[in-house]
Amino acid sequence: MWFGIIGAIVLVVLWAISKYNSFIVLRNRIENAWAQINVELKRRYDLIPNLIEAVKGYMKYEKEVLESVTNARAAAMQAKTPAESGPAEDKLTQAVHNIFVVMENYPDLKANENVLRLQEELTTTENKIAFSRQFYNDIVMRFNQSIQTFPSSFFANLFGFKAREYFEVDQAQVKDAPKVDLTI
Amino acid sequence: MIYEQIASNKRNSFLLVFVFTLVIVSACYFIGEAWIKNGGILGIFIGSFLSLGLFLISYYSGDSVLLSSVGAKQVDPNSSSQLYNVVKEMSISSGLTMPKVYIVPDPSPNAFAAGRDPDHASLAVNEGLLQLLNREELQGVVAHEMSHIQNRDILYATIVAVMAGMIVLIASFFRQSWFFGGSRRRNNDSGGGGGILLLLGLIFAVLAPIVAKLIQLAISRQREYLADASAAMMTRDPAGLANALRKLQSVSIQATTSNDAVAPLYFTEPRLHFNPSSLFATHPPIKDRIDRLEHMAYIK
């Protein structure tokens with residue numbers, strides 16, 4: 001009888017420990033992924049002034065386009081949490097993209113080595129942000145699911161784990177994952 | 001689907017090494033028996049040693065053997081070239097370790113991946129491909145190669161390529177010595193040696209079609225379609241890969257570095273004037289691949 005009760009308590013404690021550890025693992029992964037995204041975001045903040053400096057001379061009549069990028073960059077740098085960053089970064093992406101579109105009208109710019117290098121750098125940084133965002137949101141979803149579902153939610157509350165914010169995206173701008181049909 | 005593919009690649013690789021070992025050991029046994037009295041034991045010993053060496057080379061340095069056979073040069077990770085950036089993006093998207101990136105000095109537009117697992121993988125792109133494709137299209141092709149790494153297609157393909165390459169090399173060596181051996185026998189009538197070489201020639205004549213079959217298995221159509229589909233998932237842009245295939249279909253530049261051993265690893269069939277629906281084709285017809293990718297783009 002007593003053995004049975006002690007055995008049950010031991011089992012529950014072991015289960016709680018394994019749950020606690022899995023929360024910690026996921027939380028560390030989220031923090032690591034967020035740090036990775038921040039590295040790329042910071043890289044983009046550093047690249048943008050260089051691009052503006054490089055194209056300014058050519059684009060005398062495109063002041064608005066350049067100003068909107070500078071403003072979007074300043075707004076994005078103000079954002080602190082993932083939920084704030086998401087929309088601000090999307091605006092910045094859009095603004096930088098506008099420069100690239102306008103650049104098409106300036107053949108001199110498209111022949112400038114320095115501008116081309118900056119364009120490639122910005123494109124790859126943007127793609128890295130987009131792909132790591134996907135990864136980050138996937139882990140946040142797994143973490144939130146595991147701390148909000150019963151019975152592990154009981155321990156999550158006990159140990160003070162809180163649901164994390166998604167790095168939100170304006171849905172209209174995101175390319176949906178293509179549906180893959182392997183039957184044909 | 002992908003897990004089944006990984007399991008079947010591991011199984012096939014094991015089976016392949018097993019069959020190769022069996023064939024080489026038994027060949028060496030018969031050679032030993034024919035050469036000296038009770039030489040079979042020695043033959044088995046040498047054969048086991050030979051096949052073990054062959055396996056170790058193809059498993060641990062198969063990718064370096066293949067890369068140096070086409071003269072590939074590694075891309076400096078600090079050069080921030082577009083190719084390196086694109087591979088890095090795909091490694092973020094797929095969660096795979098960043099592979100080593102190579103450029104092959106070849107004007108034909110093609111690419112391949114090699115290595116034993118995702119942590120020891122290499123991705124090589126021909127110069128011709130970099131010149132022909134824009135960024136989105138290059139990304140599609142790189143994602144296709146990353147899918148081969150993810151699905152462990154590279155393990156089987158690399159072992160086949162190196163082992164089959166060795167067999168072809170040894171076979172051509174014996175064909176030549178058979179020829180010379182035959183002429184010597186006519187001169188001094190010493191006998192013996194010619195018989196052994198005749199036997200060897202027969203063994204390799206039997207081996208050749210088996211090797212061809214293995215190469216064919218290395219790149220089944222199903223795994224190419226699967227890699228295209230995974231690539232679309234990685235880039236979220238099936239159109240990029242479809243456009244790349246369409247461009248590749250329209251050009252015909254003869255490959256200068258590719259050899260028969262590496263052929264099944266490539267993104268598209270490197271041999272020109274090759275009927276893609278023939279029995280020995282290693283790749284599915286490009287048109288079918290484009291159709292499937294476009295189907296994905298439309299149903300989203």
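The following dialogue examines a predicted model through questions on chain A and chain B.

Student: Which pattern does chain A follow when read along the sequence?

Tutor: In this predicted model, chain A contains 6 helices and 0 strands. Read from start to end, the pattern of chain A is therefore made of helices alone, given that helices and strands are taken as DSSP runs. That pattern is α-α-α-α-α-α.

Student: What radius of gyration does chain A have, set against a compact globule of 184 residues?

Tutor: The C-alpha atoms of chain A occupy a box of roughly 85 × 50 × 25 Å along the principal axes. A compact globule of 184 residues would have a radius of gyration near 16 Å. The value for chain A is 23 Å.

Student: What percentage of the residues in chain A is buried?

Tutor: A residue counts as buried when its relative accessible area is under 20%. Chain A exposes about 11,100 Å², of which carbon and sulfur atoms supply 59%. Of the 184 residues in chain A, the buried share is 39%.

Student: How many residues does helix 1 of chain A give to the largest nonpolar core?

Tutor: In soluble globular proteins, nonpolar side chains tend to be buried together. The largest nonpolar core here has 42 residues, and Met59(A), Ile99(A) and Tyr136(A) touch the most other members. At least two residues of this core come from each of helix 1 (2–56), helix 2 (63–78), helix 3 (82–103) and helix 5 (113–148) of chain A. Helix 1 of chain A gives the most, and its contribution is 14 residues.

Student: How many residues are in the other core, which lies apart from this one?

Tutor: Members of the other core include Ala121(B), Val141(B), Val142(B) and Leu241(B). The size of this other core is 37 residues.

Student: Which residues is Tyr136(A) in contact with, leaving aside its neighbours within four places in sequence?

Tutor: Tyr136(A) is one of the residues that touch the most other members of the largest nonpolar core. Its contacts, with neighbours within four places in sequence left aside, include Ile30(A), Ala33(A), Trp34(A) and Ile37(A). The list also holds Pro82(A), Glu165(A), Tyr166(A) and Phe167(A).

Student: Which two residues does the cis peptide bond join, and what is omega?

Tutor: Pro151(A) is located in the loop between helix 5 and helix 6 (152–159) of chain A. The cis peptide bond joins Phe150(A) and Pro151(A), with omega of about 5°.

Student: Is Arg152(B) buried or partly exposed?

Tutor: Arg152(B) sits in the loop between helix 5 (135–150) and helix 6 (153–188) of chain B. Its phi is near 60°, a positive value in a residue other than glycine. Because its relative accessibility is 22%, Arg152(B) counts as partly exposed.

Student: Where in chain B is Arg236(B) placed, and what is its relative accessibility?

Tutor: Arg236(B) has phi near 60°, a positive value in a residue other than glycine. The residue lies in the loop between helix 8 (221–235) and helix 9 (238–250) of chain B. Arg236(B) counts as partly exposed, because its relative accessibility is 21%.

Student: Why does Arg135(B) count as buried, and which residues of chain A is it in contact with?

Tutor: Arg135(B) belongs to helix 5 of chain B. It counts as buried because its relative accessibility is 10%. Leaving aside neighbours within four places in sequence, its contacts in chain B are Gln82(B), Asn85(B), Val86(B) and Glu89(B). In chain A, its contacts are Glu120(A), Thr123(A), Thr124(A) and Asn127(A).

Notes
Residues are numbered from 1 along each chain as its sequence is written. Chains are lettered from A and ligands numbered from 1 in the order in which they are written. This is a predicted model: local features need pLDDT of at least 70, side-chain atom pairs count only at pLDDT 80 or more; totals for chains, interfaces and linings use all residues. Side-chain values use heavy atoms; hydrogens and water are left out. Helices (H or I, at least four residues) and strands (E, at least two) are DSSP runs, numbered from the N terminus. The radius of gyration is taken over C-alpha atoms; the globule rule is 2.2 Å times the number of residues to the power 0.38. Buried means under 20% relative accessible area, exposed over 50%, partly exposed in between (1.4 Å probe, protein chains only). Accessible areas come from the Shrake-Rupley method with a 1.4 Å probe; for residues, only the protein chains shown count as cover. A nonpolar core is a set of buried Ala, Val, Leu, Ile, Met, Phe, Trp, Tyr and Cys residues joined through side-chain atoms within 4.5 Å. Contact means heavy atoms within 4.5 Å.
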